[in-house]
Amino acid sequence: MQLKVYNPIISQNPIKRRCTLSNTLPICDKCGQPVEPDNDAYLLEDIINVAFPLSRPGLSGPHRHLLPVGQCQGSPSRAQYLEGQPRDTRPGMRYYKEYERETRNAYQLLLAKARGKTK
């Protein structure tokens with residue numbers, strides 16, 4: 001099945017923004033390219049906010065690549081908590097060791113959801 005690209009400028013419906021429609025992909029707010037579900041920083045934050053609601057402030061934001069893709073740098077502030085990823089050294093960005101385990105666990109859930117192994 002060919003996936004359609006979802007453009008959040010067309011619809012601000014929050015259900016559509018969460019990509020619950022199986023044949024749509026959101027657009028990265030940094031590079032303008034489609035974001036696959038297994039590399040979506042927004043979906044990762046959504047899992048963290050549901051699975052670990054009291055662990056950190058309710059972070060969210062627009063859809064964007066989590067890990068670098070092509071010319072897109074992704075979301076270094078989130079990716080830095082994943083195994084093998086470099087620390088985000090941009091000014092003002094901090095690393096919180098206590099976020100590491102929950103982010104890695106949430107990432108595994110994200111990958112499982114993207115592969116259709118969980119609801």
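Which residue follows H4, and what is the sign of its phi? Keep that in mind; the tour reaches the spot after a look at the whole chain.

**Start with the whole chain**

This is a predicted model. Show it as a cartoon. You should find four helices and two strands. Trace the chain along its sequence and the pattern reads β-α-β-α-α-α. Now switch on the surface. The accessible surface comes to about 7600 Å². Carbon and sulfur atoms hold 54% of that surface. Of the 119 residues, 36% count as buried. Contacts also reach along the sequence. Take those between residues at least 6 apart: 45% of them join residues at least 24 apart.

**Select helix H4, residues 97-114**

Check the length of this helix. H4 has 18 residues, and at 1.5 Å a residue it should span 26 Å. The C-alpha atoms at its ends are 26 Å apart, so the expected span and the model agree.

Next, colour its buried residues. They are Tyr99, Glu100, Glu102, Thr103, Ala106, Tyr107, Leu110, Leu111 and Ala112. What do they pack against? Show helix H2 (41-51) and helix H3 (76-79): these are the partners of the buried residues of H4.

Now go past the end of H4. Here is the residue from the opening question: Gly116 follows the helix, and its phi is positive, near 80 degrees.

**Select the core**

The largest nonpolar core has 14 residues. Pick out Leu44, Leu66, Leu67, Leu82, Ala106, Tyr107 and Leu110, which touch the most other members. H2 and H4 each supply at least two residues of this core. Which element gives the most? It is H2, with six residues.

Zoom in on Leu44. Set aside its neighbours within four places in sequence. Leu44 is then in contact with Leu66, Thr103, Ala106, Tyr107 and Leu110. Of these partners, Thr103, Ala106, Tyr107 and Leu110 are among the buried residues of H4.

**Select the tyrosines**

Show Tyr81, Tyr95, Tyr96 and Tyr99 as sticks. Ring pairs link these four into a cluster. The structure holds three aromatic pairs. One of them joins Tyr96 and Tyr99, with ring centres 5.0 Å apart. Their planes meet at 40 degrees. Why is this pair called tilted? An angle under 30 degrees would count as stacked and one over 60 as edge-to-face, so 40 degrees falls in the tilted class.

Compare the cover on the two rings' residues. Tyr96 is partly exposed, with a relative accessible area of 28%. Tyr99 is buried, at 13%. The cut-off for buried is under 20%, so Tyr99 falls below it and Tyr96 does not.

**Select His63**

Move to the loop between H2 and H3, where His63 lies. Is His63 buried or exposed? Its relative accessible area is 4%, so His63 counts as buried. Add Asp40 to the selection. The side chains of His63 and Asp40 make a polar contact, at 2.7 Å.

**Finish at Gly32**

Go to the loop between strand S2 (24-25) and H2, the place of Gly32. Gly32 is partly exposed, with a relative accessible area of 39%. Now add Cys72 and draw a distance between the two C-alpha atoms. Gly32 and Cys72 are 40 residues apart along the chain, and their C-alpha atoms are separated by 9.1 Å.

Note on methods:
Residues are numbered from 1 along each chain as its sequence is written. This is a predicted model: local features need pLDDT of at least 70, side-chain atom pairs count only at pLDDT 80 or more; totals for chains, interfaces and linings use all residues. Side-chain values use heavy atoms; hydrogens and water are left out. The expected span of a helix is 1.5 Å times one less than its number of residues. Buried means under 20% relative accessible area, exposed over 50%, partly exposed in between (1.4 Å probe, protein chains only). Contact means heavy atoms within 4.5 Å. A polar contact is a pair of N or O atoms within 3.5 Å; within protein, one must be able to donate a hydrogen and the other to accept it, and residues adjacent in sequence count only if both atoms are side-chain atoms. Accessible areas come from the Shrake-Rupley method with a 1.4 Å probe; for residues, only the protein chains shown count as cover. A nonpolar core is a set of buried Ala, Val, Leu, Ile, Met, Phe, Trp, Tyr and Cys residues joined through side-chain atoms within 4.5 Å. Rings of Phe, Tyr and Trp (its six-membered ring) pair if their centres lie within 6.5 Å; planes under 30 degrees apart count as stacked, over 60 as edge-to-face and the rest as tilted.
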